[in-house]
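Hi,

Here's the structure I promised to send over. Have a look at it first, and then read on for what I found in it.

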Amino acid sequence: MEVQSKFDQYPIHIKPLLENLRELILEVAESLSLGDVEETLKWGEPSYLVKGGSTIRIDWKEKSPEQYFIFFNCNTKLIDTFRELYSEELEFQGNRAIILNARNSIPLHILRHCIELAMKYKSVKHKPLLGA
């Protein structure tokens, strides 16, 4: 499987962190009964999409060895909304990513909420703060 091959290429300290994010994404989709999750590689990054949602990608970059990322479509209001709601708890890269540090625990309930908003994006995009 193409996606599994990508996971197998990550450094040993990053692979389990990204696998945990993958599990969280799949868990959120299942808990919300959002249907099948399309898992593919987009721009060489593991990518997740449900019907009615906006694509979520996860990755690690060699130039930032202690960081890993959750990417969202930069043409959406997702990162602006996350920044409004969680600027104290999360670090962002422009209007496209949440930056996570491999040395820190992740704010699970916050990431779960961000993933949920991305997966429901098409039905909440017209609401202030995406209905959060």
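Start with the hairpin of S2 and S3: six residues lie between the two strands, and Gly 52 has a positive phi near 85 degrees there. Keep in mind as you go through this that the model is predicted. S2 (residues 45-49) and S3 (residues 56-60) pair antiparallel, with two bridges between them. Two pairs to look for on screen: Ser 47 has Arg 57 of S3 as its bridge partner, and Tyr 48 stands opposite Ile 56 in S3.

Tyr 48 also has a residue across from it in the other direction, since S2 pairs with S1 too. That residue is Glu 39, which stands opposite Tyr 48 of S2. S1 (residues 38-42) runs antiparallel to S2, and five bridges join them. These two strands form a hairpin as well, with two residues between them, and Trp 43 in that turn takes a positive phi of about 55 degrees. How much of S2 is buried? Four of its five residues are, which leaves the strand mostly covered.Now for the whole sheet. It is open and has six strands, in the order S1-S2-S3-S4-S6-S5, with antiparallel pairing. S1 and S5 (91-93) are at the edges and have a single partner strand each, so one side of each has no neighbour in the sheet. On average, neighbouring strands are turned by 30 degrees against each other, ignoring direction. As a general reminder, strands of a sheet pair through backbone hydrogen bonds, in either a parallel or an antiparallel way.

Over at the S5 end, there is another hairpin to look at. S5 and S6 have three residues between them, and Gly 94 takes a positive phi near 55 degrees. The two strands pair antiparallel over three bridges, and Gln 93 has Ala 97 of S6 as its bridge partner. S6 (97-101) lies across S4 (67-72) in the pairing order too: S4 and S6 are antiparallel and share five bridges, with Ile 70 partnered by Ile 98 in S6. Is S6 enclosed or open? Four of its five residues are buried, so S6 is largely enclosed by the rest of the structure.

Then there are the helices. H3 lies across S4, S5 and S6, and runs at about 160 degrees to S5. H3 (residues 78-86) also meets H4 (residues 108-119): their axes come within 11 Å and cross at roughly 150 degrees. That angle makes H3 roughly antiparallel to H4, and the crossing is right-handed.

Which residues make the contact? From H3 they are Leu 78, Thr 81, Phe 82, Leu 85 and Tyr 86, and from H4 they are Ile 110, His 113, Cys 114, Leu 117 and Ala 118. By type, the contact of H3 with H4 has eight nonpolar residues, two polar and no charged ones.

If you'd like a route through the model, try the S2 and S3 hairpin with Gly 52, then the S5 and S6 hairpin with Gly 94, and finish at the contact of H3 with H4.

Cheers

Methods:
Residues are numbered from 1 along each chain as its sequence is written. This is a predicted model: local features need pLDDT of at least 70, side-chain atom pairs count only at pLDDT 80 or more; totals for chains, interfaces and linings use all residues. Side-chain values use heavy atoms; hydrogens and water are left out. Axes are lines fitted to C-alpha atoms, for helices over the stretch in contact, and angles run from 0 to 180 degrees between N-to-C directions. Angles under 35 degrees count as roughly parallel, over 145 as roughly antiparallel, 65 to 115 as roughly perpendicular and the rest as oblique. A crossing is left-handed if the near helix is turned anticlockwise from the far one by less than a right angle, and right-handed if clockwise. Contact means heavy atoms within 4.5 Å. Ala, Val, Leu, Ile, Met, Phe, Trp, Tyr, Cys and Pro count as nonpolar, Asp, Glu, Lys and Arg as charged, and the others, Gly among them, as polar. Buried means under 20% relative accessible area, exposed over 50%, partly exposed in between (1.4 Å probe, protein chains only). Two strands pair if DSSP finds at least two bridges between them.
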